[in-house]
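Visitor: Please take one part of this model and look at it closely. I would like a sheet and whatever packs on it, with the terms explained along the way.

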Amino acid sequence: MGVEILTIMDFASKYILANDEEEYESVSEEEFEQGMHISDSASSSDGDDEADRRPKGNNPGHSSPKKKKFLKNRHHWRHKRQSNDEADGNDVKESTAICEAKIPSKRRFRRADTNVVSVNFSTLLAPGNMHAGEPVVCTKCSAILSHISRVVLEKKEWPCEFCDELISVDIDLEEIPTSEDVTYLIEPAMTTATSTMSGLDQSLVIFCVDTSGSMCVTTEISGTIKLRGTSQLKRLQSFVENDEVDQRLPSQRGQSVTYISRLQAMQAAVDHQLGEMAKNHPNRRVALITFNNEVTIVGDGSQRETIVSGDKLKSEEELSKIGSEAPLPQAIKGSRRILGEKVYNLEEGGATALGPALIVAVNMAAHHPGSKVILCTDGKANIGLGKLEDSTEEQAALDFYTHTAESAFAKGVTVSVITIEGTDCKLVHVGMLADKTGGQVNIVDPLKLTEEFGNILADPIIATRVKAFFILHKELYVIDESDPDSKLSRAEHNAGNVKSSSTITFEFAKRKQSSDVPNSSESSTEGSQSSKSENSDMHAGGVDTKGVSQKAPGAGDPEDPLKVPDTEDAARNFPFQLQIEYTDTEGNKALRVLTRAMPATCDRKVTEKNANLEVLGAHAAKKSADLALKGQFSKSRGLALMNQRLAWRNTHSDTSSTMDRAKYKVIYSKIQSMENFIQRKQMQEIDQFGHTRSDSEHSDTDELYDDGQNSSAKAPPPPREYTKGYIATKFKKMHSERASEMEDSMANMMYRFRSVGADEMSAPAPGDKMLALPSSSSDKQEKKSGKGKRK
């Protein structure tokens with residue numbers, strides 16, 4: 001299997017699985033309660049060790065004796081390993097039947113497969129082959145003419161290989177792309193006062209920092225440390241000055257300790273980054289915006305400060321105007337000293353106008369696409385737009401942060417969100433700002449703010465306003481968990497502003513031959529047959545309508561990737577196209593088009609034997625985290641468990657190596673940390689309500705049934721009919737309920753997995769943040785300094 005080299009479009013296998021029948025696997029109720037565990041073998045001893053290492057908590061999901069008993073069950077899925085000469089599709093039904101005969105109840109989930117593609121944006125740093133002229137676009141499915149297209153120059157016609165539409169074209173032979181990866185220049189950059197073609201980094205960095213009352217909370221560290229700016233902190237001074245009584249515990253007396261407030265830690269972190277940027281990026285422009293019960297635009301320190309307060313904090317129009325009209329900061333090489341002084345002159349006090357400050361910062365940063373806003377806070381927004389303290393206003397706040405994130409995306413601004421350990425900031429809502437704009441989300445120890453700011457600034461934006469379009473042959477469709485019935489052959493993803501590490505994934509499946517095409521951009525199967533018959537003498541567009549070979553495919557014709565095979569046993573290829581619209585760092589608008597033909601088979605074992613674990617792991621992590629953030633906990637866990645089974649089959653076959661199994665353990669240990677965390681949340685819901693909120697999920701209750709050997713056992717009931725409106729209402733209610741109770745630690749973990757890249761999943765790193773299960777409260781010893789009112 002070896003090491004996989006990731007490119008701009010990576011498939012999870014060398015072959016496409018072209019089965020049009022959905023397959024399902026069963027998870028026993030006992031296994032589902034226990035959650036995922038990772039082991040190198042199916043032996044009970046390995047499982048016992050794993051069970052002993054896992055946190056047990058106060059819920060029924062972590063009883064070690066029960067875990068050991070469960071792992072020794074000979075009907076556990078790990079014991080269903082199949083030999084190489086068995087047909088995998090039939091085995092699943094057979095092994096499932098055996099399992100169902102012994103396990104009283106189970107849940108059914110769609111069986112994972114390798115029909116996944118990963119898009120790696122790091123390649124945008126180097127454009128593909130620049131192609132002169134404009135792209136030729138299919139008017140029906142929006143596919144672009146490529147090197148695999150068959151144009152009839154005499155008739156000036158192009159039978160689209162994706163939808164079989166006959167397109168009239170006025171094109172010469174030399175204008176047809178000759179490589180799979182081409183780039184079109186859509187619009188050259190305009191030289192303005194805020195963007196130049198000189199290559200200098202003149203982007204904006206705006207520190208948007210919380211100076212509310214709770215920023216006075218301190219952390220104890222060993223040693224006596226002289227901190228710059230301490231004299232400016234009135235609340236801290238009132239706590240320590242003229243204090244003649246030694247208030248330390250007996251065990252602490254004689255020890256030298258210093259109490260550092262959150263504001264002091266933030267000041268030191270920002271000042272350090274100012275110094276680093278002045279040395280390494282002297283032309284970068286840096287501004288400071290602070291917020292408590294009002295918003296203060298400090299700018300680069302040389303201009304007169306602008307204070308926004310009162311009713312203006314409730315007007316998005318006013319705030320947007322103030323931000324867009326604010327003077328642009330000068331280069332940091334000229335403002336470093338005075339801005340540093342402004343940072344250390346900050347004082348804490350008041351409420352938290354986070355939402356208004358965010359609107360001002362985004363509109364100020366919009367002057368230069370690719371700019372960054374770094375939001376640092378330690379509490380919920382509680383004044384002005386986006387306030388989160390009142391649960392009755394939570395939906396309005398969610399709408400506000402969603403709208404603001406979309407606005408930042410459109411303006412090419414990246415927002416990163418940093419919160420302080422041990423606080424509650426409703427990160428599940430605020431974190432979407434980073435998720436939708438390509439920023440970072442993290443909860444940090446206040447003493448590590450310098451490191452976190454550095455990580456954000458060290459990861460440059462390589463493209464802005466990025467949109468990815470994934471186009472499939474009409475016999476395939478994109479799987480959309482939010483709208484399972486759509487089954488479209490085209491998907492769009494707004495990636496926002498991307499870094500080298502940015503990755504997105506798509507999942508697809510074979511359309512049933514008898515199914516109707518859901519929209520006008522796709523043709524029916526009958527149309528495909530007639531179109532093929534009419535055009536077989538002039539193009540290879542489409543595929544063999546007789547069906548896919550049951551045998552492993554061989555190599556296709558290198559001169560004609562979509563050539564229709566002469567026999568049913570020959571290889572069959574499907575076309576895939578990825579289109580990426582983006583603006584590069586110099587302001588050029590471009591379109592990157594990658595087109596590839598992939599061989600297909602109905603033999604699941606062939607696809608799994610050639611699986612790419614990095615792509616599969618990244619997709620499982622992203623999709624599971626996304627479902628969890630939407631409140632669909634059971635679906636999230638089911639998807640993770642099914643993908644683990646696929647990866648286990650791949651790495652425990654007769655042809656797998658020790659390196660393959662080590663890679664499996666690294667990748668799925670990270671996914672396990674997420675799945676186990678969600679599992680504990682469900683167990684907590686059972687403790688609190690007697691059932692999980694997922695009992696309102698139609699997918700959970702319908703897929704859970706009794707299949708024991710008692711006389712009362714019933715066959716699985718037919719799927720209940722649900723309208724889209726009913727499902728949407730149910731999911732919205734469940735999302736609202738779970739989001740209102742989701743701790744910042746869980747939201748942080750989910751957002752981090754949502755943005756993970758394929759290379760990150762496979763990189764073993766001691767102390768990996770994704771492997772560490774977050775706690776619900778900080779382990780740091782903190783105390784409130786001063787007598788000011790907390791937020």
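Guide: A residue is called buried under 20% relative accessible area, exposed over 50% and partly exposed in between, with a 1.4 Å probe and protein chains only; by that measure 54% of the 791 residues of the chain are buried. The model is predicted, so local features need pLDDT of at least 70 and side-chain atom pairs pLDDT 80 or more, while totals for chains, interfaces and linings use all residues. Residues are numbered from 1 along each chain as its sequence is written, and side-chain values use heavy atoms, without hydrogens and water.

Helices (H or I, at least four residues) and strands (E, at least two) are DSSP runs numbered from the N terminus, and two strands pair if DSSP finds at least two bridges between them. The part chosen here is an open sheet of seven strands in the order 15-14-13-10-16-17-18, with mixed pairing. Because strand 15 (306–308) and strand 18 (441–444) each have a single partner strand, they stand at the edges, and one side of each lacks a neighbour in the sheet. From one strand to the next the twist averages 20 degrees, where axes are lines fitted to C-alpha atoms, for helices over the stretch in contact, and angles run from 0 to 180 degrees between N-to-C directions.

Within the sheet, strand 13 (residues 285–291) and strand 14 (residues 295–299) run antiparallel and are joined by four bridges, with I289 having I297 of strand 14 as its bridge partner. Helix 9 (residues 354–365) packs on this sheet, in contact (heavy atoms within 4.5 Å) with strand 10 (204–210), strand 13, strand 14, strand 16 (372–377) and strand 17 (414–420); the direction of helix 9 makes about 170 degrees with that of strand 10.
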